[in-house]
Amino acid sequence: VDHIRQFDRQASRYQDRKIIQSRVARHLVQKSPYRGRSILDLGAGSGEVFRNIDWPIERFYAADASRQMLDLHPPCTRKILCNFDLPSCFRELERLPIDQIFASSSLQWSRDLEATLRRIASLRLPTSLAIFTASTFKTVHQLANISSPIYEKGEVIRLIEQFFHGEWEVREYKLFFPEKIEAFRYIKESGVSQGVKRLSYREMRELIDNYPHPYLEFEVLFMWSDLSKL
Ligand SMILES: C[S@@+](CC[C@H](N)C(=O)[O-])C[C@H]1O[C@@H](n2cnc3c(N)ncnc32)[C@H](O)[C@@H]1O
């Protein structure tokens, strides 16, 4: 799968490019109404969720499809190489003695978000999710007249409400760059960039010239499932 290879390739650079993801993970963990002892993190990457857990835990399972990303995950965690698009991944996860699930900045990559959310919900555990929406890089996409490869907010909310009872929240983030060219470099490396990558040199130049902001836009949907309604 293309984007997973991209994560493999970019793993080391992810470290200094994950500013927004770090803030997202912090908010997701801090607002979690439940403090599990044995936690599963789906699309764990280099460990942003783990780093924000500030209560005693017994086990932390870091599941990710990219071995290079898992190599960056703190060594004291248990690593599971698995692709959450596949039912076989969930058969493996089902057997783990876990009592809480997190997925931060990862599920927007799901090939079939509905199927993935259904599988997560069927584990019947307290669940906290943060999913980037199509309004991420909104102005860039509008100017270039390209559509986002990830799900619209409305669609994510509809699916969340179909499978979970809980509280959700939409947050917008801005990431500032001293130079516009840096912002576009960031987009190219972010994975949410197929459309932008396909632009010709001239189209790209024009897009950068016309881009009105010193920042990039991000939109994230958070959900914390309600424990009493599992
Ligand atoms: C933007 S990173 C977020 C990592 C971490 N959760 C954080 O908050 O920094 C997205 C992660 O999802 C993983 N990922 C993407 N698609 C996946 C899939 N189908 N199955 C498992 N992991 C996946 C990537 O390898 C990457 O580590």
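A crossing of two helices is right-handed if the near helix is turned clockwise from the far one by less than a right angle. In this predicted model, helix α9 passes helix α11 in such a right-handed crossing. Helix α9 spans residues 180-190 and helix α11 residues 201-210. Their axes come within 9 Å and cross at roughly 125°. This angle is neither under 35 degrees nor over 145, and it lies outside 65 to 115. The two helices are therefore oblique to each other. On the α9 side, the contact is made by K180, I181, F184 and K188. Their counterparts in α11 are M204, L207, I208 and D209. Five residues of this contact are nonpolar and three are charged, with no polar residue.

A second helix pair is formed by α6 (residues 113-121) and α8. Here the axes come within 10 Å, and the crossing angle is roughly 30°. The limit for a roughly parallel pair is 35 degrees. That makes α6 roughly parallel to α8. The crossing of α6 past α8 is right-handed. From α6, the residues L113, E114, L117, R118 and A121 take part. They meet V156, R158, L159, I160, Q162 and F163 in α8. This contact divides into seven nonpolar residues, one polar residue and three charged residues.

The strands form an open sheet of seven, in the order β3-β2-β1-β4-β5-β7-β6. Pairing within the sheet is mixed. Strands β3 (78-81) and β6 (166-176) stand at the edges. Each has a single partner strand, so one side of each is left without a neighbour in the sheet. On average, neighbouring strands are turned by 20° against each other, direction ignored.

Strand β4 (residues 100-104) has β1 and β5 as its neighbours in the strand order. Strand β1 (residues 38-42) runs parallel to β4, and three bridges join the two. Within this pairing, L40 has I101 of β4 as its bridge partner. The pairing of β4 with strand β5 (residues 127-132) is also parallel, over four bridges. There, S104 stands opposite A130 in β5. Strand β4 is mostly covered, with five of its five residues buried. Side chains alternate in direction along the strand: Q100, F102 and S104 point one way, and I101 and A103 the other way. Residues on both sides are buried.

At the β6 edge of the sheet, the pairing is antiparallel. Strand β6 pairs with strand β7 (residues 215-225) over 11 bridges in the antiparallel sense. In this pair, R171 stands opposite V220 of β7.

Helices also lie across the sheet strands. Helix α2 (residues 19-30) lies across β4, β5, β6 and β7. Its direction is at about 155° to β6. Helix α5 (residues 87-94) lies across β1, β2 (59-64) and β3. The angle of α5 to β1 is about 170°.

One loop residue completes the description. N145 is placed in the loop between α7 (138-144) and α8 (153-163). Its relative accessibility is 70%, so N145 counts as exposed. N145 and G195 are 50 residues apart in sequence. In space, the C-alpha to C-alpha distance between N145 and G195 is 9.1 Å.

How values were computed: Residues numbered from 1 in each chain as written. Predicted model: local features only at pLDDT ≥ 70, side-chain atom pairs only at ≥ 80, totals over all residues. Heavy atoms only, no water. Axes fitted to C-alpha atoms, helices over the stretch in contact; angles between N-to-C directions. Contact = heavy atoms within 4.5 Å. Nonpolar A, V, L, I, M, F, W, Y, C, P; charged D, E, K, R; others polar. Buried < 20%, exposed > 50% of the residue type's maximum accessible area, 1.4 Å probe, protein only. Pairing = 2+ DSSP bridges.
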